Amino acid sequence: MSIGFFAAVSEVSLWPLAVLVISVAFVVVMISVIRAHAFLALILAAILAGLMAEQLPPPAKARVAKPDSPVVSPDGRPLRNHWVQAVELTSIEFGRTAGGIAIVIGLATIISMCLMESGAADKVVRRFLAFFGERNAGIALLLSTYVLSIPIFFDTMFMLMVPLARALQLRTGKDYLLYVMAVCCGGVITHSMTVPHPGPLAMVENLKIDVGVSILAGIVVGLVPLATGWFVCRWLNARLDIPMRETPGTTLAELRSIVDKPESELPSFAWAITPVLLPIFLISLSSLMVIGKGNDAFVKLFGGREAFASAFAFVEFIGNKNVALLIGTLLSMFVLARQKGYSVGKICELIGPPLETSGTIILITAAGGAFGLMLRNAGVGEAIQAAAKGHALNMIWLSYLVAVVIRIAQGSATVAMLTTSAMMYPIITGGAGLPYDPIYIFLAIGFGGFAFSWMNDSGFWVVSKLGGLTETETLKTWTVLLTVNSAVGVLATWVLSLIVPFPLGKPGQ
């Protein structure tokens, strides 16, 4: 270890790294050894991280009347000590995470139930099998998810696609894990590699690279880990015997009764697929408008700036993920009512139990998000930056490793990408510049952003609870798949940087 390393880290305390290790060990012991509920373990870990932190930022919207006055929380109560601040900040971060996912999870649960109950999911699966053949059903899910997830957050995409995986297992009678992992493999890569997802968008802005080039590079290079991931999915499916279990929505007995129905009693393919595709289309349309608003030729198609602004406001509203899923929810309810003749009251009775179960998912997911954010508030990111500073490493591998560590520390791929890209830009613009195009830094950080997903990642809990997997099974499947894909992706990035460097000088020039 070089003297430069100690000089670099001496400026920033490395105690946050100890906070990270202790907090992670606490979660593992609570869930794996003591068998505590995940919500309780994660909330306690978040508070523990706050208590151990040397210093915490004031809670959101907190105010200080005078320099020597105590910090006041959003509801006006003074925070007299560090311990109270740790609890208050955990509560606020929990609410912040829940605010971003609660509506989406609730609406997606309703869509899932309606698709199953009406037979719509089974109808789509039957058409899949007729077109691709049963032998290629998993590949069909993999490729369709990869394409459809380009504009859609992973959590939302998984919730929309998992009913198809469940219906497909009942139709084929096998390979449930293969189908679920195919959806995961296809959806997670684009979430970290393509604009308009927030992580890649932040990287484009921080690294000063072209949006179009980033999208093309992310999709094309992403095909390498996608192909590798398919073999990992098959290997996991052959190695692990994981049955399809009860999850929020329709029971297994009800699913089997639906699958046994003659196709004449199922909805038409158009009605069956629209509740899934329409939200995807609306969100994609909104993303297209965001990307195209800076293009004069695109704006002229709407008749000028004023007309475009009006169209943009409308599309931005209906393309909001919550609104788009609400539209999909209402449509799925209509399909169910049309197919079964159910009244609104009857449908709402069916919705009740799945929503009760989704509440548990929201609690666990939000607690995981709070844990990750509390680690960030404890200064883990700054400590990692200090530890990496001064090392004579290849910039691609340094970017990747920093992103991986930040990802493991706080769970969010978006935060890992945003933090790492902001840290790397001044490094890669110094000195003589890079020997390759900065797009490779973009790719390396993106692949690092989704490695080693575990219990502080909201995606971990969405896959676990909605996919019907235990925590241990999720670690053995989802975590392994993402980590292999991440490693293969950065390896492909590094090899391409050697073969096709296309050096363009310093970013931003």
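## Cysteines that stay single

The sulfur of cysteine 114 sits 9.3 Å from the closest cysteine sulfur, which belongs to cysteine 348, and that is too far for a bond. A disulfide here means a pair of cysteine sulfur atoms within 2.5 Å, and by this rule the count is zero. Cysteine 184 is in no disulfide either: the nearest cysteine sulfur, in cysteine 233, is 7.8 Å away.

Cysteine 184 has a relative accessible area of 0%, so it counts as buried. The cut-offs are under 20% relative accessible area for buried, over 50% for exposed, and partly exposed in between (1.4 Å probe, protein chains only). Cysteine 114, at 0% relative accessibility, is buried too.

## About the model

This is a predicted model: local features need pLDDT of at least 70, side-chain atom pairs count only at pLDDT 80 or more, and totals for chains, interfaces and linings use all residues. Residues are numbered from 1 along each chain as its sequence is written, and side-chain values use heavy atoms, leaving out hydrogens and water.

## Two helices

Helices are DSSP runs (H or I, at least four residues), numbered from the N terminus. In H8 (residues 176-193), 18 of the 18 residues are buried, so the rest of the structure largely encloses this helix.

Now for H15 (residues 321-340): its 20 residues should span 28 Å at 1.5 Å a residue, and its end C-alpha atoms are indeed 28 Å apart. The expected span is 1.5 Å times one less than the number of residues. Buried residues in H15 include Val323, Leu325 and Met333. Right after H15 comes glycine 341, with a positive phi near 75°.
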